[in-house]
Each structure stands twice: as structure tokens, then as C-alpha cells.
Amino acid sequence: MSDVAPLIAFEHVGKGFDRGRVRAVDDVSLTIRAGEFLAIVGSSGSGKTTLLRLANRLIAPDHGVVRIDGENIADSDPIALRRRIGYVFQSGGLFPHMSVADNIGITPRLLRWPAEEIASRVEALMDLVRLDRQVHRDRFPHQLSGGQRQRVGVARALAAKPRIVLMDEPFGALDPLTRAALAEDYRALHQDLDLTTVMITHDMAEAVLLADRIAVMRGGQLVAQGTAADLAATDDAYVDELLQTPRRQAERLQALLPRGSAT
Amino acid sequence: MMLWSDPRWTDALSHLPDYLGSHIRVSLAALTLGLLISFPLALVARNRPRLRGTLLGFASIVQTVPGLALLALFYPLLLALAALSAQWLGFSFSAFGFLPSVLALALYSMLPVLRNTITGLQGVDAAITEAAQGVGMTPRQSLLMVELPLALPVIMAGIRTAAVWVIGTATLSTPIGQTSLGNHIFAGLQTQNWVFVLFGCIAAAALALLVDGLLALIETGVQRRSRIRIITGILAVLALVAAALVPSMSRARQAYVVGAKTFTEQYILAALLTDRLQANGLPAIQRTGLGSNVIFDALAAGDIDVYVDYSGTLWANQLHRTDIKPRAELLAELGETLAARDKVTLLGQLGFENAYALVMPRKRAEALGIRSITDLAAHAGDMSIAGDYEFFSRPEWAGIRKAYGLDFRQQRQMQPDFMYAAAASGEVDVIAGYTSDGLIAKYDLVVLDDPKHAIPPYDAVVLLSPKRADDAKLRAALQPLLGKIDISAMREANLRASGNNAASSAADVANWLWDRIGAPH
């Protein structure tokens with residue numbers, strides 16, 4: 001991984017809140033390669049959301065540097081930066097007074113794309129995230145199910161053809177079936193569109209199933225990173241604890257479905 | 001009942017276009033100004049807790065000031081500003097009527113707009129504003145595309161509240177010279193013409209409901225993205241504005257303006273003066289219901305051209321004199337001083353006096369052997385006295401008390417028209433009435449003598465504004481009135497006007513008075 005220049009790099013990044021009394025992110029260094037799917041796992045208060053927000057300048061670090069394509073993002077225009085990075089918010093973050101089409105087309109509109117181009121992009125994206133154009137185009141967020149809202153959230157993040165997508169617990173509030181379907185769909189999109197994705201989750205099982213690499217945060221610090229196999233090999237007690245749940249699930253599934261029929 | 005066939009409805013209706021038009025103009029101007037100030041202030045203050053607290057505190061305090069007082073305060077303030085502007089900038093403006101009303105009402109409209117705009121914007125879910133930032137909106141885009149649309153229902157509710165308040169409170173702008181639906185109400189209250197009062201209230205309420213309804217239409221139009229509703233609402237508001245502007249365009253600009261204070265006699269005399277001017281081919285309009293603190297300044301500033309005041313009032317309030325001189329001497333000195341100091345012309349006396357007088361029921365006075373204030377002094381400790389809203393703070397009262405050593409058990413203030421009935425019924429023992437009031441005879445009351453001449457003379461005098469000082473036509477038109485109205489004529493006129501019947505309008509009584517004092521037949 002060291003021979004390829006990272007697309008996103010956190011270099012000794014720190015961020016405190018409440019006049020430094022709370023150290024949300026404490027000296028974190030982390031790199032993400034182009035095309036990689038990274039999951040950041042941690043319990044609430046571990047600093048994972050803060051770390052994600054530092055990547056598109058929703059907040060600024062107290063010290064350290066965040067680079068994208070080698071460039072210190074503190075030197076770039078934050079508005080332009082956010083427009084070229086997709087961001088999927090927890091429980092959607094959709095604008096309740098805008099239709100599905102207007103929500104999806106918002107970033108292209110801010111970038112002043114021609115109207116026809118926005119319209120055709122919105123249609124393409126609705127196909128991509130498997131929403132019915134005819135049915136859903138002119139609906140408002142409150143008329144959608146939780147899963148449909150999150151699909152709109154994903155489509156909105158992808159609208160301006162970003163290379164990077166940041167996701168803040170995108171599937172957390174959904175029922176397990178919807179969640180699995182949406183996660184799989186997204187993983188395919190990540191592959192097909194050659195995206196670089198950083199996803200936050202508190203669910204280690206989800207991270208293991210979706211991500212190429214997993215970073216574990218605790219108390220603002222990065223305690224471990226690597227593939228699922230790498231993590232399984234560490235002797236860090238906290239990482240081990242986090243891996244307990246997926247392991248048990250796997251064992252029970254193994255026991256309940258011994259033939260290992262297709263999932 | 002005959003209520004709806006009463007000819008006073010027609011009379012009230014004939015004033016409606018003028019009053020309603022002025023009412024709409026002043027209300028909408030105030031509301032527009034209030035919005036132009038409050039809305040940007042709310043945007044600036046929404047993320048600054050200290051400024052927000054200061055602004056909302058200020059607006060709340062303004063709200064606690066009674067509407068009438070707020071309006072009245074703006075008049076002297078603007079008058080001082082106009083004088084400063086004339087001195088330093090070389091131009092002056094009218095501190096009368098429209099301007100002070102618009103400013104005071106605009107101030108009054110601020111609280112609901114400020115509070116609802118700030119509350120509405122703060123009520124937008126933080127997750128939504130963060131998403132606006134996340135998709136790449138600038139703070140301005142976030143405000144315009146996300147926060148304001150989401151806060152709109154709350155903001156509109158504030159604007160609608162402000163509109164209803166302003167339209168209601170605008171009725172109180174009559175005493176500072178702004179014609180409004182309050183003219184119906186003030187005139188009606190003074191002349192006990194309940195048809196006028198009711199008419200003014202209904203018209204103001206209907207206007208408030210109409211504007212509220214139109215704003216609601218625009219609001220639901222925006223929410224439901226219905227162009228038809230938005231356009232209908234906006235067109236209707238514009239139509240209202242246009243309709244309000246038409247009569248003011250067509251009104252004769254050079255009309256003489258006759259002023260009147262807020263009591264019955266003044267309404268009658270203003271109607272009489274107006275009739276005389278019009279009969280002599282001079283276009284004239286009335287500005288009635290003016291506060292007694294406002295009216296002289298308005299005349300001196302040329303906002304009104306002519307009105308009737310009383311020598312004793314001017315002596316005390318304008319010349320700040322507390323000494324008392326014989327009638328003729330006082331008049332002469334008053335005329336000279338006003339001409340020299342204010343360029344105001346004292347044209348002459350009408351012939352009667354409307355002096356303050358201590359008044360009590362005849363039977364009670366006879367039973368107690370009270371003929372003069374000197375006799376009254378011995379009984380005052382067991383008695384209550386009522387006066388109008390200003391009497392007890394006037395120098396005359398201090399003078400009477402001092403001269404006779406009066407000390408009443410209780411003092412009460414009340415609406416002048418109700419005092420006489422209160423005295424007659426024994427609700428109070430003595431009232432500070434007016435000598436020209438017809439109710440003195442009606443209720444069988446008696447005016448107590450003032451042997452020590454503690455009460456100054458109150459000759460009714462006609463005053464002309466500086467710019468009309470040399471107006472020969474005006475002088476000629478008013479000349480036939482001078483010295484012709486004696487106390488019994490005025491008393492009867494006042495009594496007629498206080499009646500609650502169809503012939504009691506100020507205009508009708510003015511006609512009767514003109515006939516009585518010898519109109520050339």
C-alpha cells in the first residue's frame with residue numbers, strides 16, 4: 001500500500017471540543033487508497049464522525065493536516081471541496097421541502113449544470129439506486145420508506161460524479177432486510193463507479209462484510225487498522241471484543257445452516 | 001330595532017372611502033417598514049445570542065407601551081427632529097399624521113416578526129442545515145434554499161400577527177393627525193354616536209381579517225407550491241394598495257385643514273368652520289380627534305390651518321403662565337405673544353367661554369348651602385371629585401386647591417361625557433366640568449361660583465396658522481362667527497350633539513348652530 005500515493009491522508013490530526021476538554025480526535029494518522037472501501041468502526045463517542053467531517057471540512061482540525069490527492073484541504077475552497085465529495089448522512093438528511101428529484105439534483109444545481117443535464121442525471125441515478133422514476137420522482141421525503149429515503153441519500157451523494165463518498169452510518173436506522181439489500185447494492189456501485197468510500201458504522205459485522213479495510217477507533221484514537229483477517233490476528237482486547245459479535249453470528253449461522261447453501 | 005335603518009350608517013359610510021384608504025395606507029406603510037427593519041435584523045441576530053436577547057427585549061418593551069402612548073410619543077420626537085433638520089440640513093418635514101404613525105406602528109410590528117423569524121430559523125433541524133453544508137451550499141444558499149423555506153410557516157404567522165396588530169392599533173393614530181378608521185371611533189365616542197363607533201370597529205376588524213386571510217392564502221400557496229394562490233394573494237394585496245392610493249391622488253391639494261380636539265364641542269365647531277369655508281368657496285377638510293398636546297404644534301407647523309382653542313388653556317400650556325389676569329387683558333397679551341413667538345394669529349373670540357368649573361347636583365348644593373367654591377371647601381373632606389384625564393395635572397387645579405384650601409377625600413379620572421351622569425347619580429360628589437357643557441342643564445347640576453377668580457378665563461378663540469395669517473378670504477369666511485356664539489347657544493349645541501339620535505351628528509348640529517346664531521336668511 002505504500003507504493004501508491006493515498007487519495008485521502010489524515011496526518012496526526014487532532015480535534016477538541018468544549019475548549020479542549022473533550023478530545024474527539026486525538027493524533028490520528030490514516031491513509032485511504034483510491035478505489036478502497038474503508039469502514040471506520042467504533043462505539044458512539046469514539047470520534048469516528050468527527051474524523052469523517054474533518055475530511056470535507058465540515059469541521060477544521062486543531063492540529064495536523066488532511067490531504068486529498070496530496071493537497072492540504074485547508075488550502076482549498078471548502079464549498080468546492082464539498083461539492084466534489086459525496087456525503088451520505090445518517091437517516092438521510094434529505095431536504096423535506098424538496099421532491100426526490102430536487103434532492104438528488106441539488107449538488108449539480110449548485111454547480112450550475114444545465115437543467116436537461118441535471119434531469120437526465122437524476123433519472124440515471126434513480127435507476128442506479130433502484131428507485132422507480134415514475135413513482136418516486138416527484139414524491140417528498142415524508143412520503144418515502146426509510147430504505148427509499150436512504151437510496152435517495154446515496155443518489156444525492158453520487159449526483160455530481162464524485163470520486164470520494166463519505167458515509168455516516170448510512171444504513172444504521174434501517175430494518176435488517178432493507179439494510180442488507182441496500183448495503184449490497186451500494187457495494188456494487190462502489191465497484192462499478194470506481195469510488196473511494198469511507199463509511200462509519202458501529203456494526204463490526206457490517207464492516208467485515210462490506211469493507212476492504214477496517215479502522216477501529218476508541219476514545220478519539222485509532223487503535224487498529226487492516227483487513228478483517230488482520231484484525232482477527234491482533235491481540236488488542238477491544239478489537240477482540242468488537243469481533244465477538246460477528247464471530248458468534250457466523251458460528252450460529254454455520255450451525256443452523258450446515259450445508260452452507262447460497263446466501 | 002331601528003338600528004340598521006338609522007341614517008347615521010349612511011353618514012358613516014360616506015366617510016368610509018377616505019378613512020379606510022388612509023387606514024390602509026398607514027398600515028401597509030408601517031408593516032412594510034417594520035418588515036424591512038425586522039427581517040434583516042432577525043437574520044443578523046439569529047446566531048448572535050446577545051444581540052438576539054437585546055433585540056427581543058427591546059421589542060417586548062415596545063410592545064408593553066400602550067399603543068396610544070407610543071403614537072403620542074412619536075409626535076414630539078419628530079417635531080424636535082424636524083426642527084433640528086430645518087436648522088442643520090435646511091429642510092423640514094411634517095411631524096404630523098402619517099410619519100409619526102408609520103414609525104410608531106412599524107416599531108409595534110417588530111416583535112412578532114423578529115420573534116417568529118428567529119424562532120422559525122432556529123427550529124430548523126440541525127441535521128438538515130448540516131446536510132445543506134454537506135452537499136456544498138454556501139451559508140447564503142443554505143439560508144435561501146433550505147432554512148427560510150422551512151421556517152416560512154412560522155415567519156408568515158409572525159407577519160400575519162403583525163398585520164392584525166398594526167391594522168388594529170392604527171385606529172389610535174387619529175389623535176396625532178393621521179386619518180384612519182379611528183376617526184369613526186373617536187368621533188363616535190365623543191359625540192356618543194355609537195353607530196360611528198360600531199362602524200369603525202367593524203370596518204377595522206374586517207380589514208384586519210381580510211389582510212390576514214390574503215397573507216394566509218399566500219402562505220399556503222408557497223407551502224403547496226400553488227402559483228394560483230400566491231399570485232391571487234399578491235394581486236389582491238396590490239389591489240388593496242391601489243384602491244387605497246386612488247382617493248389620496250384625487251384629493252384637492254390646496255384644501256384648508258380644520259383641526260379639532262377630542263371632545264364634542266370641538267367636533268361641532270370644526271364642522272361649523274368647515275361649512276363656513278366651503279360656503280365661501282374655499283375647499284376645506286377636517287382633521288378631527290387631535291390630542292390637545294398635538295394640535296397647537298400642528299397649527300404652528302402649518303399641518304392644520306385653523307382651529308378653536310381656549311384662552312386659559314393657551315395661557316397655561318403655551319405661555320406657561322400661572323398668574324391670572326382679567327379676561328380682556330389676558331386675551332390681548334395672549335394674542336401678542338402667540339403672534340410674536342409662534343407667528344400664530346388669534347383671529348378673535350367666538351363669544352362663549354368653556355371654562356373649567358366645579359359642578360355638583362343642584363339639590364345637594366342647596367341642601368348643604370353651597371353656592372361657591374368657598375362654601376364647598378368646608379365639606380370637601382367628606383367628598384369625592386372627578387375630572388377628565390388631564391384636569392388634576394393642570395395648573396388650574398393646583399390654583400383652585402391653593403386658593404380655596406380644597407382637600408377632597410378621593411379623586412377620580414373619567415371620560416368627560418360620563419362625568420355629568422356620575423355626578424347626577426351620586427357616584428361622585430363634585431365634578432370638574434366645563435361651563436359650556438349642555439349636560440349641566442340636562443342633569444340639573446349647578447356651577448359653583450369662583451369668588452377668588454382662581455380659574456382663568458377660557459374664551460373660545462379662533463387660531464390661524466402662520467401661512468394663513470394674511471389670507472383675506474379665510475378671514476372673511478370666518479368673520480361672521482366671531483362674537484356670535486353665546487354660552488346658551490353652545491350649551492344647547494353640545495347637548496344636541498351628545499344625544500344618541502340621528503340628528504346628533506356634528507355636521508347636523510353645526511347646521512343648527514349656524515341657523516341659531518343668525519345665518520343670513
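So, a salt bridge here is a side-chain nitrogen of Lys or Arg within 4 Å of a carboxyl oxygen of Asp or Glu. With that in hand: A:Arg53 makes one with B:Glu130, the closest N and O atoms sitting 3.0 Å apart. And one salt bridge is the count between chain A and chain B.

Quick housekeeping. This is a predicted model, where local features need pLDDT of at least 70, side-chain atom pairs count only at pLDDT 80 or more, and totals for chains, interfaces and linings use all residues. Residues are numbered from 1 along each chain as its sequence is written, chains are lettered from A and ligands numbered from 1 in the order in which they are written, and side-chain values use heavy atoms, with hydrogens and water left out.

Back to the interface. We've got 20 residues of chain A in contact with 16 of chain B, contact being heavy atoms within 4.5 Å. People often give the size of an interface as the accessible area lost when the parts come together. For chains A and B that's about 1,600 Å², with 64% of it on carbon and sulfur atoms; buried area is the accessible area (1.4 Å probe) that two parts lose on being put together, summed over both. On the chain A side, A:Phe95, A:His97 and A:Leu110 lose the most area to chain B, together 31% of what that side buries.

So how many residue pairs are in polar contact between chain A and chain B? Five, with both residues at pLDDT 80 or more. A polar contact is a pair of N or O atoms within 3.5 Å; within protein, one must be able to donate a hydrogen and the other to accept it, and residues adjacent in sequence count only if both atoms are side-chain atoms.
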